[in-house]
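Biologist: Please pick one part of this protein and take me through it closely. I am new to this, so give the cut-offs for each term when it comes up.

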Amino acid sequence: GGPLKVYNSLTRSKDVLCANAKGWLSWYQCGPTVYDHAHIGHAVCFIRFDILRRIMQRHFGLHSVKLWGMTDIDDKIIQRSQERNVHWKELAHECEQSFLEDMNSLNIMPPSYIARVTEHMPEIVDFVQTVIDRGHAYETASGVYFDIIAFGQHKYGRLGKGLQTFSSVEQQHAKLPTDKRHPADFVLWKRNLNGEPAWPARFGGGRPGWHIECSAMASTYFGGEIDIHSGGIDLLYPHHTNELAQCESFHSTQEWVKHFWHTGHLLMQHEKMSKSLGNTVSIKDFLKTHSQNDLRMLCLQSKYRSSIAFSDADIIAAASFYNRLVTFLQTSEAYIANSAADYQQSLRPTSLCEATIIALSEARVKFDLALCDDFNTPLAVKVLGEIVSRANHAMTDVTNMTPFTMSQVVSVCTSLRSRIRDIAILNMKEQRKMCSELLTVCDDTRDALRQLGIEIWDTKKGSLWNWAPDKK
């Protein structure tokens, strides 16, 4: 097939994705802040990237080393631990384990590594100090802040949202006087306040700001260049925008990330699903009434960058299509197995069979082109649906399916006979006369089928059958 082109939020274009010189791709994905159970909005984001990863690996042969960042210390964690009267470490560990269990239940491929903020404090402290040394951060009474003006306004916001976005969206939240030089400057390190968890640093004990965590952890594992950086579209600004600025300062380069990928939101009644809006459905609750494949199919039926409208009707429709594919595979396997066993079936394909083979070949090309075009899974799924319809028609065609239909009928008869025989043997002591008669009927059925060219063998595990050898 052709090259894989994926939309890059950094260049605002579809860029060719290919393996690096080492033969694999480095991939950092922002993980959750573990202060509560994950909801299906999280699930959709991780399933979508799991789909991309599987397509890359299985269809394009592109393997990746994937790193998840896990925020296990944060304002929300501290606040929730106080509300529940538990230690923040206990809460973070509990919620992380719950998240990982959910990912396993959703059949998400595990990452190569998981990086936790609390396990990388020395690296984060060094990262902050380096940005200070570069002249792009400054210390205040409340902490250390990134200096956007010193870094360069023209360089900030390369992901498409910069100071203009701040002015229009967040200026209202920055009216109170602070010790920041510019309202848009963001915190790298929070000085210890009110006895909150703190770690030692040359610029004062405290804990990291949200954005610096991912920058430091990703750089610790992948150095000054990452092939793929991903997350939900809500992370593009300010999180990924600030990450990018920090790392371009730290590494003195504008080539820190080659590809930025973002997934669309899951919408509940036209609103983004989020804990702050109180409209979430936990993954655990969802899986009580639906399968993980239902949600995965819902994701496949939309482009990964688009939003998904979540409703019972959408899930039911996705589950129905998934079941249709499963049924098709089962029917196809049975058709192939029984057709192969039928020595009478001609090897010459019918005109309908020839048309189906041509359609399959054309579908393969369409399928590949769809995946090459920014992982266009809804188009690929549509191609699958069309070929399933055509193949089902070919398998149920009267002239083409007579041997298959016969095989199905024989299988049903053999199974029925086997069940009757097992019941008769099991109840021989209690109802000897009736069971003897049933066994006689079973023997007569076996003999009658033999006359029709069908051999039956009775085994401890049930009855088997096959076409009798040709007597010519």
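Modeller: A residue is called buried when its relative accessible area is under 20%, exposed when it is over 50%, and partly exposed in between (1.4 Å probe, protein chains only). By that rule, 47% of the 472 residues of the protein are buried. The model is predicted, so local features need a pLDDT of at least 70 and side-chain atom pairs count only at pLDDT 80 or more, while totals for chains, interfaces and linings use all residues. Residues are numbered from 1 along each chain as its sequence is written, and side-chain values use heavy atoms, with hydrogens and water left out.

First, the background. The protein has 15 helices and 16 strands; these are DSSP runs numbered from the N terminus, with at least four residues for a helix (H or I) and at least two for a strand (E). A contact means heavy atoms within 4.5 Å. Among contacts with a separation of 6 or more, 74% join residues 24 or more positions apart. About 24,300 Å² of the protein is exposed, and carbon and sulfur atoms supply 53% of that area, as given by the Shrake-Rupley method with a 1.4 Å probe, where for residues only the protein chains shown count as cover.

The part I pick is helix 10, with the spaces beside it. Of its 9 residues, 7 are buried: Gln 292, Asp 294, Leu 295, Arg 296, Met 297, Leu 298 and Cys 299.

Pockets and cavities are found on a 1 Å grid over the protein atoms alone: in a cavity a 1.4 Å probe fits but cannot get out, a pocket is an open set of points with protein on both sides within 12 Å along at least five of seven lines, and lining residues have an atom within 4 Å of a point. Points are joined across faces, edges and corners, and a volume is the space filled by probe spheres set on them.

The second largest pocket has a volume of about 760 Å³. It is lined by 23 residues, and those closest to its centre are Met 297, Leu 300, Leu 325, Phe 367 and Leu 384. Helix 10 (292–300) gives two or more residues to this lining, as do helix 1 (40–58), helix 11 (312–341), helix 12 (351–372) and helix 13 (377–396). The largest share, 6 residues, is from helix 13. The lining has 16 nonpolar, 4 polar and 3 charged residues. Here Ala, Val, Leu, Ile, Met, Phe, Trp, Tyr, Cys and Pro count as nonpolar, Asp, Glu, Lys and Arg as charged, and the others, Gly among them, as polar.

Helix 10 also takes part in a closed space. The structure holds 3 cavities of 30 Å³ or more, and the largest has a volume of about 50 Å³. Its lining includes Cys 299 and Leu 300, together with Arg 48, Ile 51, Leu 52, Ser 302 and Tyr 304. Helix 1 and helix 10 each supply at least two of the lining residues, and helix 1 gives the most, with 3. By class, this lining divides into 6 nonpolar, 2 polar and 1 charged.

Two of those cavity residues lead to a strand. Thr 263, in strand 11 (residues 257–263), is in contact with Arg 48 and Tyr 304, among others, when neighbours within four places in sequence are left aside. Why is Thr 263 counted as buried? Thr 263 is buried because its relative accessibility is 1%.
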